[in-house]
2 protein chains.
Amino acid sequence: MKKPVIAISIGDLNGIGIEIALNAHTQVTQLIKPLYCINETMLKKASSKLGLSIPSDFHCIDVKGNFDIKEGTVSKESGLYSYKSFKKAINLCEKKKASALVTLPIHKEAWFEAGIDYKGHTDMLRDWFKQDAIMMLGCDKLYVALYTEHIPLKQVAKKIKTKKLTSFLLDLSKDIQASKIAVLGLNPHAGDGGVLGDEESKIVKAIAKANEFLGIEMFHGPFVPDTAFTKPMRKEYQHYVAMYHDQGLIPLKALYFEESINISLSLPIIRTSVDHGTAFDIAYKNKKPSHISYLNAIKASIHYLKKSSN
Amino acid sequence: MKKPVIAISIGDLNGIGIEIALNAHTQVTQLIKPLYCINETMLKKASSKLGLSIPSDFHCIDVKGNFDIKEGTVSKESGLYSYKSFKKAINLCEKKKASALVTLPIHKEAWFEAGIDYKGHTDMLRDWFKQDAIMMLGCDKLYVALYTEHIPLKQVAKKIKTKKLTSFLLDLSKDIQASKIAVLGLNPHAGDGGVLGDEESKIVKAIAKANEFLGIEMFHGPFVPDTAFTKPMRKEYQHYVAMYHDQGLIPLKALYFEESINISLSLPIIRTSVDHGTAFDIAYKNKKPSHISYLNAIKASIHYLKKSSN
């Protein structure tokens, strides 16, 4: 099978991203052809500071910029550079020069210092493509797509609407390769027949409508939330739809914290990301930061590749 | 150490409870002195139907009643008998003839058929003692006490009240032997400084008030819910307070479903219970139902014994 070309945005150069990219390169090239969005000058500065040699097949895509790396420091220059690297990686995907995009961690404060008005990668992607990205987190063993994300818990119930949830499920079905997906209920015991809440009736309808549209029984449920992540259930389902942030992320992180990654779906491009930050405290200290999440992000990018961008 | 005397309510005799009690008896007597709330006649009927002999030290406490066991069947007679067995066990605790109470599973429909107006053991205990029992579930590795239980998710946020939560924490502190307990936030990222919900400010106050009253820093938090159950956190904390049903029970059941048990705290007596039902489908079929939850319920009853009832 031909290895896909994947754009790697290099993240905040004052953090651990570049060290991970250099150290994991050999393993990464067994899976994909990486295109690193960083210029030669900055790459040399980082590798020399790290005391690491640059692999001969470390293909760089020029991203203009030249500044001194200040390890473990929030800096305007580094923030701006990570943003430009990200934009370049998006660009490569849009021009079909890359099939997907894997992001190394940026620092949100550094973006703020650089005058970049986004809270992070996903926020920027939503604005860039003017589309509601679906946020999915997980690993091979368990993926959780979030129907609602960063909103107060008290606002969740009123967001459960048949039409909106149906659209969400249909959008999701386009991007993930799974024959069945478990949809969770909202309330304890999935409402226990309406006694403990009635939002499940809307979830039932959304599932039925989505399946009817698809012509297959892809979406199952709504499942009782507290038994949905037990071992027998996880043997049946790899993909779940959670109604709210913690309903999905509590079990995911309880079970598979280190392995997990973040995926943006329902966009014209596939973007995956490590699930950790810039780790300024250990940057450029030869502490060999873990590659697990980065390699899993790359593996996931392959798995969720959009056929259209191959 | 002297073995504590524990009352065992026998559960629905048409289900698996009595089989578990007979099969686990030898193991159980290594931990406690069990007092089984069942009369000789019914015990003989059950053991003969099961083809099991009655251990010579199987101490029974008379509970009047005589009916034919109909395995795997909802019956008024069996429902009534399980209720009387439960009442007898409570009675033994109240009279200090037993230090705690372990319940084998009843069938809620059978209680209904028998005209018993409670949804289950906990419901009956709350009414009996006119006290708000605290429901805690878990196993040695992880216990979760529920601040709110069987209510719709949309009602949870408004139940977070400083005074009520402070009382809950203080009640809990009386019954559990732990130097520190993790209290969860309500919202994603524990509200992220108020941006994603502001109920955490009340939780902060309740924790401070409870700790001030106790004179020790027993309660920690509020913790970000989605990272509260990761391995490093679970190494630090054995006991958690969840703000709502699924916040606590999703991670517990994802991690330790089979081992878990149910404990009623903040009552004049300690009651623990298996976390499974009557399993009518396998009753009296020589399928050797698992004892794990029953043995764990007994171990927990010892651990959480009220000093006053020794």
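## A partly exposed asparagine

Partly exposed here covers the range between buried, under 20% relative accessible area, and exposed, over 50%. B:Asn91 has a relative accessible area of 26%, so this residue counts as partly exposed. Keep in mind that we're looking at a predicted model.

B:Asn91 belongs to helix α3 of chain B, which covers residues 76–94. Going from B:Asn91 to B:Val241 takes 150 residues along the sequence, and the two C-alpha atoms sit 30 Å apart in space.

## Cysteines without partners

How many disulfides are there over all chains? The count is 0. Take A:Cys60: the nearest cysteine sulfur belongs to A:Cys37 and is 9.1 Å away. A disulfide needs the two sulfur atoms within 2.5 Å, so A:Cys60 is left without one.

As for cover, A:Cys60 comes out as partly exposed, with 21% relative accessibility. Over in chain B, B:Cys139 is buried, at 3%.

## The nonpolar cores

The largest nonpolar core has 180 residues, and the members that touch the most others are A:Tyr294 and B:Tyr294. Leaving out residues up to four places away in sequence, A:Tyr294 is in contact with A:Ile8, A:Ile20, A:Ala21, A:Ala24 and A:Val28, and also with A:Tyr36, A:Val102, A:Leu104 and A:Val274.

There's another core apart from that one, made of 20 residues. Its members include A:Leu142, A:Leu146, A:Ala182 and A:Tyr237.

## A histidine touching both chains

Is A:His245 buried or exposed? With 3% relative accessibility, A:His245 is buried. This histidine is part of helix α10 of chain A, which runs over residues 245–256.

Its neighbours come from chain A and chain B. Not counting residues up to four places away in sequence, A:His245 touches A:Leu146, A:Thr148, A:Glu149 and A:His150 in chain A, plus B:Pro188, B:His189 and B:Asp226 in chain B. A:Leu146 has already turned up above, as one of the residues in the 20-residue core.

## A nonpolar patch on the surface

Which residues form a nonpolar patch on the surface? They are A:Phe213, A:Leu214 and A:Ile216, and together they have about 310 Å² of accessible area.

A:Ile216 sits in the chain A loop that links α8 (200–214) to β8 (219–223). With a relative accessible area of 46%, A:Ile216 counts as partly exposed, because the exposed class starts over 50%.

## Backbone oddities

Most peptide bonds are trans, and most residues other than glycine have a negative phi. A few spots here go the other way.

Start with the cis bonds. In chain A, the peptide bond between A:Gly221 and A:Pro222 is cis, with omega about 0°, and A:Pro222 is in strand β8. Chain B has a cis bond from B:Gly221 to B:Pro222, with omega near 0°. B:Pro222 is found in strand β8 of chain B, residues 219–223.

Then there's phi. A:Ala279 isn't a glycine, yet its phi is positive, about 45°. A:Lys288, another non-glycine, has a positive phi of about 45°. A:Ala279 lies in the chain A loop between β11 (270–274) and α11 (292–303), and A:Lys288 is likewise in the loop between β11 and α11. As for cover, A:Ala279 is partly exposed at 25% relative accessible area, while A:Lys288 is exposed at 59%.

Technical notes: Residues are numbered from 1 along each chain as its sequence is written. Chains are lettered from A and ligands numbered from 1 in the order in which they are written. This is a predicted model: local features need pLDDT of at least 70, side-chain atom pairs count only at pLDDT 80 or more; totals for chains, interfaces and linings use all residues. Side-chain values use heavy atoms; hydrogens and water are left out. Buried means under 20% relative accessible area, exposed over 50%, partly exposed in between (1.4 Å probe, protein chains only). A nonpolar core is a set of buried Ala, Val, Leu, Ile, Met, Phe, Trp, Tyr and Cys residues joined through side-chain atoms within 4.5 Å. Contact means heavy atoms within 4.5 Å. Patches are made of residues with over 30% relative accessible area and no salt bridge: like charges are joined within 9 Å, nonpolar side chains (Val, Leu, Ile, Met, Phe, Trp, Tyr) within 5 Å. Accessible areas come from the Shrake-Rupley method with a 1.4 Å probe; for residues, only the protein chains shown count as cover. A salt bridge is a side-chain nitrogen of Lys or Arg within 4 Å of a carboxyl oxygen of Asp or Glu. Helices (H or I, at least four residues) and strands (E, at least two) are DSSP runs, numbered from the N terminus.
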